[in-house]
Amino acid sequence: MRSRFPLLTRRALFAGTGGALGWAAFRGDSIARVVQAGREAEGKAPTDLANDESYWTQIARAFDTDRTLVNLNNGGCSPAPAHVLDAMIQDLRFSNEIPVYHMWNVLEPRIESCRRELASEFGCDPEEMAITRNASESLETLIFGIDLQRGDEVLLTNQNYPRMITSWEQRARRDGIVLKQISFPVPPRSSGDLVERFRAAITPRTKVIEVTHITNLTGQIFPVREIVRMAHDRGIEVFVDGAHAFAQFPFRRDDLECDYYATSLHKWLFAPIGTGFLYVRKGKQKKIWPLMAAPAKMDEDIRKYEEIGTHPAANHNAIAAAMAFHRGIGAERKAARLRWLRDRWAKRLEAASPRVKILTPLNDTDSCAIGFVHVDGLDTEKLQAYLWEKHRIMTTPIVHPEFNGLRITPSVYTTPDDIDVFCTRMEKILKDGLPA
Ligand SMILES: Cc1ncc(COP(=O)(O)O)c(C=O)c1O
């Protein structure tokens with residue numbers, strides 16, 4: 001039988017050392033491998049490297065994932081490379097020897113190095129960077145932390161993340177603020193149309209806009225800077241939900257001109273599960289209360305958002321290892337590969353049948369790794385269940401009131417063979433239907 005992993009065969013993975021030892025042997029040196037692969041690829045444009053399997057095989061080897069399945073839901077949350085997991089486990093063990101000393105006195109202060117690295121990557125001052133457990137915590141800090149009066153309006157789309165909508169709705173019930181949710185077609189008519197929809201919904205009572213940098217549904221990238229500029233001209237605050245954006249495709253704070261940004265790091269930075277950040281511009285920190293109380297002297301200290309009680313230091317310290325891996329690849333190369341993988345499945349399925357609708361614009365500005373496919377006449381949830389239960393292909397079923405289909409998110413360890421296995425199966429389903 002033809003191997004699904006011609007360049008990354010199981011034999012190659014375990015060659016020389018045998019079994020688990022083989023994995024352990026290249027865990028420790030995965031960063032060195034990434035750096036070496038990068039050196040060999042030096043001078044190659046990211047788009048030329050995007051289908052260079054000798055390079056991406058090296059990257060894939062850093063992940064200790066189950067190669068008997070095809071994981072096309074790396075957006076929900078991602079496996080971490082083995083060395084990142086090892087760094088966390090090592091710190092957990094060390095912490096467990098005497099937590100009150102090792103965790104609080106030795107490991108926790110290292111959060112400052114992670115803050116510095118994240119700030120440098122995002123393009124802000126470390127004093128504007130809080131480390132949180134996920135985008136939800138970061139966004140809820142903003143949602144519940146800003147003072148609003150009864151009748152004040154908050155503007156979002158009906159494709160913002162459900163937990164964030166729920167948070168705003170709770171605030172509406174409690175404080176009498178008013179939520180306005182705008183709708184937009186997928187794919188949108190243009191990025192200008194997205195800005196215009198926000199602009200048209202603004203009233204004199206609008207105080208906050210929450211915009212998703214890249215949606216978790218179709219993977220639409222929003223024109224954040226244009227929305228921020230338009231809102232700032234009217235004295236409106238903009239909270240940016242970048243849960244999926246940071247480390248998926250390259251951008252910096254100044255490209256967005258935003259004052260607030262929230263992300264998870266267990267999606268595209270490949271940091272351990274339970275890591276995120278909240279950026280709040282220096283001059284704005286006083287006006288955003290922390291979710292858990294902090295003393296008044298911390299009013300303008302970004303660390304007030306980290307006053308969360310006892311928590312493991314191991315998870316957030318491993319952000320440093322994940323950042324080294326991300327930089328070893330390079331943001332431009334990573335995005336180019338992710339787009340190449342997106343096009344490989346999306347264009348093939350689009351060509352396979354007129355029943356297939358790709359609802360994600362396939363270009364370099366409107367989307368990256370996340371793509372969305374709707375198939376006329378197929379039940380989305382049954383399709384997802386069939387792919388997973390019968391063929392071990394993991395996808396994300398999305399059923400929104402205005403559209404439905406599968407969200408497909410490959411990652412840097414996804415092989416072209418993985419994509420082809422998915423496409424071949426989909427083509428068969430298009431031809432024969434789903435088994436009853
Ligand atoms: C757009 C968006 N915002 C917020 C979140 C919440 O992220 P987390 O569950 O990591 O807190 C997600 C999660 O998928 C998301 O897609």
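**Exercise 1. Place alanine 247, then judge its backbone and its burial.**

Step 1. Alanine 247 sits in the loop between E6 and H13. This is a predicted model.

Step 2. Check the backbone. Phi of alanine 247 is near 75 degrees, a positive value in a residue other than glycine. Most residues other than glycine have a negative phi.

Step 3. Check burial. The relative accessibility of alanine 247 is 7%, so the residue counts as buried. The cut-off for buried is under 20%.

**Exercise 2. Describe the surroundings of glutamine 248.**

Step 1. Locate the residue. Glutamine 248 lies in the loop between strand E6 (237–241) and helix H13 (253–256).

Step 2. Read the accessibility. Glutamine 248 has a relative accessible area of 0%, and is therefore buried.

Step 3. Look for a polar partner. A polar atom of the glutamine 248 side chain lies 2.8 Å from the backbone oxygen of histidine 244.

Step 4. List the contacts, leaving aside neighbours within four places in sequence. Glutamine 248 is in contact with Ile214, Trp268, Ala335, Leu338, Cys368, Ala369 and Ile370.

**Exercise 3. Find a second positive phi and a cis peptide bond, and place both.**

Step 1. Take arginine 392. Its phi is positive, about 55 degrees, although arginine 392 is not a glycine.

Step 2. Place arginine 392. The residue is in the loop between helix H17 (380–391) and strand E11 (393–394).

Step 3. Classify its exposure. The relative accessible area of arginine 392 is 33%, so this residue is partly exposed.

Step 4. Turn to the peptide bond. From valine 186 to proline 187 the bond is cis, with omega near -5 degrees. Most peptide bonds are trans.

Step 5. Place proline 187. It belongs to the loop between strand E4 (178–182) and helix H11 (191–201).

**Exercise 4. Which elements do the buried residues of H11 pack against?**

Step 1. Name the buried residues. In H11 they are Asp193, Leu194, Val195, Phe198 and Ala201.

Step 2. Name the partners. These residues pack against strand E3 (153–157), E4, strand E5 (206–212) and H12.

Step 3. Follow one pair. Isoleucine 209 touches Phe198, and its other contacts beyond four places in sequence include Leu155, Ile227 and Val238.

Step 4. Move to H12. Valine 224 is found in helix H12 (residues 224–232). At a relative accessible area of 2%, valine 224 is buried.

Step 5. List the contacts of valine 224, setting aside neighbours within four places in sequence. They are His213, Val240 and Leu256. Its C-alpha atom is 8.4 Å from that of glutamate 257, 33 residues apart along the chain.

**Exercise 5. Which residues of the largest nonpolar core touch the most other members?**

Step 1. Size the core. The largest nonpolar core holds 78 residues.

Step 2. Pick out the best-connected members. Leu118, Phe122, Ile209, Phe246, Tyr261 and Leu269 touch the most other members.

Step 3. Find the main contributor. Helix H15 (residues 319–329) supplies the largest share of this core, six residues.

Step 4. Set this in context. In soluble globular proteins, nonpolar side chains tend to be buried together.

**Exercise 6. Work out how H15 and H16 pack.**

Step 1. Take the geometry. H15 and helix H16 (residues 331–352) pack at an angle of about 75 degrees, and their axes are 5 Å apart.

Step 2. Classify the angle. H15 is therefore roughly perpendicular to H16.

Step 3. Name the contact residues. H15 contributes His326, Gly328 and Ile329, while H16 contributes Ala331, Arg333 and Lys334.

**Exercise 7. Is asparagine 71 buried or exposed, and what are its polar partners?**

Step 1. Locate asparagine 71. It is in strand E1 (residues 70–71).

Step 2. Apply the accessibility. Asparagine 71 has 18% relative accessibility, so it counts as buried.

Step 3. Find the polar partners. A polar atom of its side chain lies 2.8 Å from the backbone nitrogen of asparagine 73. A polar contact of 3.4 Å joins the side chains of asparagine 71 and tyrosine 413.

Step 4. Complete the contacts, not counting residues up to four places away in sequence. Asparagine 71 touches Pro79, Met394, Thr409 and Tyr413.

**Exercise 8. Decide where the coordinates call for caution.**

Step 1. Start with the chain. Its average pLDDT is 93, and 94% of the residues score at least 70.

Step 2. Find the weak stretch. Over residues 1–26 pLDDT stays under 50.

Step 3. Draw the conclusion. Where pLDDT is low, the predicted coordinates should not be read in detail.

How values were computed: Residues numbered from 1 in each chain as written. Predicted model: local features only at pLDDT ≥ 70, side-chain atom pairs only at ≥ 80, totals over all residues. Heavy atoms only, no water. Helix = DSSP H or I, 4+ residues; strand = E, 2+ residues; numbered from the N terminus. Buried < 20%, exposed > 50% of the residue type's maximum accessible area, 1.4 Å probe, protein only. Contact = heavy atoms within 4.5 Å. Polar contact = N/O pair within 3.5 Å; in protein donor to acceptor, adjacent residues only side chain to side chain. Core = buried A, V, L, I, M, F, W, Y, C linked by side-chain atoms within 4.5 Å. pLDDT = per-residue confidence, 0-100. Axes fitted to C-alpha atoms, helices over the stretch in contact; angles between N-to-C directions. Parallel < 35°, antiparallel > 145°, perpendicular 65-115°, else oblique.
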